[in-house]
Amino acid sequence: MRWLVLLVLGYMVVSTTGTALPVFRSEGLSFITGSEWNPGNGDFGILAFIYGTVVTSIIALIIAVPLSLGVSLFLTEYAPKRIRGPVIYAVDLLAAVPSVIYGLWGVFILLPLFLQPMTEFFAKYLGSSPSSRGPHRGSRISEPG
C-alpha cells in the first residue's frame, strides 16, 4: 500500500512538471520572479500572486492557530461533560464543510451585511479614504455614478 501512495505521488509530480514545462521554456525564471501580468503583451509573472497567497496564508494562520488551540484546550481540559459532546460534534461538522462554502458565505452574506454599512459610516464621519471611494456591494450590482 505504501508503494501505491509513492507511485501516485510520483505520477502527480511528473504530470505537473510536464504540464508546467512549456511555460518555463518560453518564460524562463521570469515567470516566477516577474510581477507583471499582461497576457496581451505576453508578460506572465506570478510573483504578485505568490506574495498574495503567502500573506493571506500567514494572516489565516495568525487567526486560526490561537483559535483552534483555545477551542481544543477548552474542550479537553475545561468544558463540562454535558456540553463537551455537542460542541465537539459542532466542531466536527464545521470541519467537514469545504472552505469554499465559507468563502461564498462571506461574499454573499457578510460582505453586503457589514462592509457596505461600515464604508458608508467611515465615509460620512471620517471623510474620503481609499476604502470608502468605491461601491462595496458584495454580490449586488451597483449603479454607476
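Me: What makes alanine 20 stand out in helix 1?

Reply: A kink of about 40 degrees lies there. The bend is the angle between axes fitted to the seven residues ending at a residue and the seven starting there. Proline 22 comes shortly after the kink. Keep in mind that this is a predicted model.

Me: How do you know what span to expect for helix 1?

Reply: The expected span is 1.5 Å times one less than the number of residues. Helix 1 covers residues 2–27, with 26 residues, and 38 Å is expected. The model gives 37 Å from the first C-alpha to the last, close to that value. Glycine 28 follows the helix, with a positive phi near 75 degrees.

Me: Why is helix 5 called short of the span of a straight helix?

Reply: The rule is again 1.5 Å times one less than the number of residues. Helix 5, residues 99–126, has 28 residues, and a straight helix would reach 40 Å. Its end C-alpha atoms are only 35 Å apart, so helix 5 falls short by that rule.

Me: Where does helix 5 bend?

Reply: At leucine 111, by about 55 degrees. Proline 112 follows within four residues. Glycine 127 comes after the helix, and its phi is positive, near 90 degrees.

Me: Which residues of helix 5 are called buried, and why?

Reply: Gly106, Pro112, Gln116 and Thr119 are buried. They earn the word because each has under 20% relative accessible area. Across the chain of 145 residues, buried residues make up 8%.

Me: What makes the lining of the largest pocket count as six nonpolar and one polar?

Reply: The lining consists of Ala64, Leu67, Ser68, Val71, Val91, Leu94 and Tyr102. Ala, Val, Leu and Tyr are among the types that count as nonpolar, while Ser is not listed as nonpolar or charged, so Ser68 counts as polar. That leaves no charged residue in the lining. The pocket has a volume of about 310 Å³.

Me: Which helix gives the largest share of that lining?

Reply: Helix 3, with four residues. Helix 3 (47–78) and helix 4 (81–96) are the elements that give two or more.

Me: What is the pattern of the chain?

Reply: Along the sequence it reads α-α-β-β-α-α-α. That is five helices and two strands.

Terms used. Residues numbered from 1 in each chain as written. Predicted model: local features only at pLDDT ≥ 70, side-chain atom pairs only at ≥ 80, totals over all residues. Heavy atoms only, no water. 1 Å grid on protein atoms, 1.4 Å probe; cavity = no way out; pocket = protein on both sides within 12 Å on 5 of 7 lines; lining within 4 Å. Points joined across faces, edges and corners; volume = space filled by probe spheres on them. Buried < 20%, exposed > 50% of the residue type's maximum accessible area, 1.4 Å probe, protein only.
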